[in-house]
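Let's take a look around this one together. Have the viewer open and follow along.

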Amino acid sequence: MASDPFRAPRGTRDLLPEESWLQRHIERVAERLTAAYAYREVRPPLLEETRLFSRSLGEQSDVVEKEMFTIPPRAEGSASHTLRPEGTAGVVRAYVQGGYAKRAPFQKWFYFGPMFRYERPQKGRERQFDQFGVEALGSDNPLLDAEVIDLACRFFEALGMTEGLEVRVNSMGDPEDRAAWRSILISHFEGQVAERCEECRRRYTRNVFRLLDCKNPRCVELSASAPPLLDSMSAPSRLHHEQVLGALQALGRKVQVDTSLVRGLDYYTRTVFEVHYPSLGARSALCGGGRYDGLVEEVGGPATPAIGFAVGITPTLIALEELGLPPEADVADLKTPGVDLYVVAVGEEERAQALQLASRLRASFDDGSVTIDLDLRGRSVKAQFKAADKARARAVLILGPEERAAGQAVLREMGSGTEERVDLDGSALEEAVAAALAP
Ligand code: HAM
């Protein structure tokens with residue numbers, strides 16, 4: 001044995017078959033919901049040019065400053081690449097590259113997949129983690145903001161999380177609003193910056209908004225008196241914000257307006273929101289998102305408003321576990337998948353034919369609705385029946401020497417115990433199996 005065994009890299013983990021069913025369940029819920037809301041899937045690459053992220057997320061964001069997994073240029077004159085730390089930048093790049101702004105500017109897209117951030121691994125935070133995200137491009141209508149927030153809330157509801165979540169909404173205004181607010185905040189914090197944590201002191205000159213979402217208890221206290229952007233926001237931005245809140249109210253969505261919510265990525269404009277599960281403490285955001293009306297242009301396309309969000313699957317899994325979710329009935333088929341038909345070979349001579357028949361039946365039920373298994377380890381008939389029982393097989397197809405000689409097999413329904421001999425020629429076998437497995 002190797003003295004230094006191989007391990008998954010720090011901050012990553014194996015999703016083994018005993019655990020992957022839960023992820024599959026979440027993906028299934030996301031697929032169902034996005035279909036209901038008329039979103040289509042997009043799958044950009046996991047790698048993008050590094051400059052795409054520095055340009056769109058902001059040179060001063062934590063992600064770009066400290067958390068990117070970057071591969072330096074492989075040859076002189078070639079570009080540096082980065083494993084995507086988030087999905088929005090790549091989706092916007094794909095939208096621009098695909099020429100959508102001209103031919104079909106309004107698009108509602110979703111994605112599911114791994115993101116990479118060099119963070120300190122801790123509860124709910126990993127270096128490789130999955131996100132479920134949506135991006136709706138091509139409209140600045142506040143009703144779209146409301147639909148996107150509604151979809152995020154519904155996602156958690158569909159997972160059974162009907163209580164204990166907080167939906168926090170704020171507006172970051174337009175770039176002009178933010179420029180004015182930046183000066184207001186710089187003067188406001190000037191007198192207290194020395195009292196704040198090291199991170200805040202560093203951020204004061206680089207990205208003063210981030211002082212507002214510092215989690216250090218003393219800094220939280222000091223931020224309480226900061227003038228909110230809402231007080232100095234331009235009339236159109238304020239109207240947009242009010243219309244979003246009004247549309248959410250009309251949808252029956254209870255949200256909290258949280259003026260300290262600023263988000264960690266630079267591309268946001270106007271609406272920003274997060275869904276929190278407060279019992280997770282400082283890192284309680286399960287989902288974050290907002291508008292990024294300037295990003296398509298920043299990435300090289302024509303000015304195109306857009307909004308989206310991403311759910312972190314890791315913290316969502318922790319919240320689900322704490323809540324004792326999902327209900328067993330919702331996931332029984334994924335958690336302990338059974339076998340519908342088990343093919344048993346009685347003697348050595350029948351083993352190859354058992355595989356042939358299994359393959360033939362698998363081809364005829366290839367919509368995934370029927371699971372067929374057989375022994376591939378040369379085990380005894382007794383062990384094969386035991387395996388069929390353990391897999392809760394609903395029917396067993398038995399191939400013995402006598403049946404083989406007659407060109408037949410025996411089909412036994414496990415529930416009723418009834419048996420019939422079936423001809424292997426023609427389609428009698430497929431029909432008998434379909435009848436035996438009919439719900
Ligand atoms: P974000 O807030 O950086 O936004 O990430 C969204 C969610 O991903 C977070 O709320 C958190 O649940 C999860 N997350 C972030 N980092 C980690 C990590 N290291 N380990 C586990 N989970 C993590 C974005 O990524 C934006 N692209 C969202 C967006 C889409 N905005 C507009 N469209």
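What follows covers the sheet, a pair of helices and the ligand site.

## The sheet

Keep in mind that this is a predicted model. Its eight strands make an open sheet with mixed pairing, running in the order β1-β5-β6-β11-β10-β9-β7-β8. At the edges sit β1 (40-41) and β8 (256-257), each of which pairs on one side only.

Over at β1, two bridges join that strand to β5 (residues 107-116), and the two run parallel. If you want a residue to click on, R40 has W109 in β5 as its bridge partner.

## Two helices

Helix α13 (residues 313-322) packs on the sheet, where it touches β5, β6 (128-137), β10 (285-291) and β11 (306-312). The direction of α13 makes about 55° with that of β11.

Helix α13 also packs with α1 (residues 17-36), at an angle of about 105° and with the axes 12 Å apart. Angles of 65 to 115 degrees count as roughly perpendicular, so that's the label for α1 and α13. On the α1 side the contact involves L22, Q23 and I26, which meet I313, L317 and L320 in α13. Sort the residues of that contact and you get five nonpolar, one polar and no charged.

## Around the ligand

The ligand is surrounded by 27 residues, and the closest are E86, E119, E126, E135 and Y268.

Now for some polar atoms. The side chain of Q131 has an N or O atom 3.1 Å from an oxygen atom of the ligand. From the backbone, an N or O atom of A285 lies 2.8 Å from a ligand oxygen atom, while a polar backbone atom of G308 is 3.5 Å from a ligand nitrogen atom.

Key: Residues are numbered from 1 along each chain as its sequence is written. This is a predicted model: local features need pLDDT of at least 70, side-chain atom pairs count only at pLDDT 80 or more; totals for chains, interfaces and linings use all residues. Side-chain values use heavy atoms; hydrogens and water are left out. Two strands pair if DSSP finds at least two bridges between them. Helices (H or I, at least four residues) and strands (E, at least two) are DSSP runs, numbered from the N terminus. Contact means heavy atoms within 4.5 Å. Axes are lines fitted to C-alpha atoms, for helices over the stretch in contact, and angles run from 0 to 180 degrees between N-to-C directions. Angles under 35 degrees count as roughly parallel, over 145 as roughly antiparallel, 65 to 115 as roughly perpendicular and the rest as oblique. Ala, Val, Leu, Ile, Met, Phe, Trp, Tyr, Cys and Pro count as nonpolar, Asp, Glu, Lys and Arg as charged, and the others, Gly among them, as polar. A residue is near a molecule or strand if one of its heavy atoms lies within 4 Å of it. A polar contact is a pair of N or O atoms within 3.5 Å; within protein, one must be able to donate a hydrogen and the other to accept it, and residues adjacent in sequence count only if both atoms are side-chain atoms.
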